[in-house]
Amino acid sequence: MAGTARNIALYPWFKFFQNLLFWQAIWFLFLQSELSAAQAILFYAIYDVTTTVLEVPSGYFSDRWGRRKTLIASACAGFLSCALFALGEGFWVFALAQVAVGAHIALASGTDSAILYESLAAEGRAADVEKEEVRAWRYSFLALAVAAVAGGLIAFFGLRLPFAASAVAFGALVLIAIKFSEPDRASRVRGEAERFEALRRALFHPVLAWLLALSILIYGFGHLPFVFGQPFILEVLGGSDFIAEAAVASGVVTALMMLVSVAVSWVAPGVRRWLGLKGILLLAFCIQVMLAAGLAFFGNLPAVLLLLLRKVPDSLAQPFIAARIQPILEDEMRATYISLRNLLARLMFAASLLLVSVNASEAGAIAIEEIQAILAVYAAFGLVCLAGLAMTGRNLGFGGRA
């Protein structure tokens, strides 16, 4: 099999092993058992600050030195992070592990989609990018579902064991990254001035600018249930005396969440044809805002049931955003642009979490009432942004299959 054809075949499996995050169902529970509430929230901000520092340099590295090398470095950073969480002790070791996971995400963001699109283009299949992106998202969600259930069960025997299992998965990810081939981009590489000019054109492109604003909001609102959802599960089970049971329950809820999203991904192409690109993207963001509002209003079991919808907006938005921007972007700045977009999204979300951590309790687990007040503010802000996006996207040519 030719190198670029092999890349296309391996790409879904790269996404699968990248998302075998056995710790996803218990990470907040683990942190609350080791750190204060303020430290736990600040801890997530460390991840976003790390990616803020590394996002654009990693995208530039990818554009300048190659997709394959960047993805290998990303996989190695992910392995290091899981190993430190599994074996380390104390806030600063965990902080270093969080820096490593931030490096993993920063190095992969943009580069993974870039290697897929450039491999498809090399095979004369650039028009298949939307189909292949949706397919890769299904692999990602299936991996998250499997890892959530397995991780919750593993955590019943120890909250560190899911991190060890994820380290094994990242070992497999390293091997897959090594098997990638670099798409031939030599004829398209230009000087630094031309690179920055291409980036400037992308930043001021009307469609890309609208999608940039939407992507920043979707990132932040998509992570709200991830950051604050697990304490609702713990509350339903009866409080801090049931952390082990909460780990299993969280794993089951996360698995169901991913399976719902897989189901939605099968109907997403039809919804996209029905509503058009702008319509389906606004629908995705609207669901996120309503989810934050629902968590702010409801407690106990209704809140847990709402968490099942957390990944539905990603199924409705992310593959189509990726497919829409790839043909517009130029090869020599493709990963740099996506990294810059992700940097802005993480920077703004991290800033909001830093504001939250300043006002959070310094001792003990964060109260449900405190979380609900935080989410109510986010929901009100989201409604304003949703209205703004609907108004500004009117004349951007998103109608039909745009």
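Is L295 buried or exposed in this predicted model? With a relative accessibility of 2%, L295 counts as buried, and the close-up views described below take this residue, a group of charged side chains and a nonpolar surface patch in turn.

**View 1. L295 of helix α12 and its contact across the sequence with A376.** L295 has its place in helix α12, a helix that covers residues 243-297. Because its relative accessibility is 2%, L295 is classed as buried. Although L295 and A376 are 81 residues apart along the chain, their C-alpha atoms are separated by 8.3 Å.

**View 2. The salt-bridge network of D63, R67, E118 and R334**. Among the 12 salt bridges that the structure holds, this view shows those in which D63, R67, E118 and R334 are linked in a network. The side chains of R67 and D63 meet in a salt bridge with an N to O distance of 2.7 Å, and both of these residues are buried. R334 forms a salt bridge with E118, in which the closest N and O atoms are 3.4 Å apart. Since R334 lies in helix α15 (residues 334-359) and E118 in helix α6 (residues 111-122), this pair ties together parts that are 216 residues apart in sequence. Both R334 and E118 are buried.

**View 3. The salt bridge between E132 and R135 in helix α7**. E132 and R135 form a salt bridge whose closest N and O atoms are 3.2 Å apart. The two residues stand three residues apart in helix α7, so that about one helical turn separates E132 from R135. Their surroundings are described by two accessibility values: E132, at 7% relative accessibility, counts as buried, whereas R135, at 30%, counts as partly exposed.

**View 4. A nonpolar patch on the surface formed by L142, V252, L256 and L259**. Together, L142, V252, L256 and L259 have about 320 Å² of accessible area. Helix α12 (residues 243-297) supplies the largest share of this nonpolar patch, namely three residues. L142, another member of the patch, has its place in helix α7, which spans residues 129-155. With a relative accessibility of 38%, L142 counts as partly exposed, because this value falls between the limits of 20% for buried and 50% for exposed residues.

Terms used
Residues numbered from 1 in each chain as written. Predicted model: local features only at pLDDT ≥ 70, side-chain atom pairs only at ≥ 80, totals over all residues. Heavy atoms only, no water. Patch = residues over 30% accessible without salt bridge, like charges linked within 9 Å, V, L, I, M, F, W, Y side chains within 5 Å. Areas by Shrake-Rupley, 256 points an atom, 1.4 Å probe, with all protein chains shown as cover. Salt bridge = Lys/Arg side-chain N within 4 Å of Asp/Glu carboxyl O. Helix = DSSP H or I, 4+ residues; strand = E, 2+ residues; numbered from the N terminus. Buried < 20%, exposed > 50% of the residue type's maximum accessible area, 1.4 Å probe, protein only.
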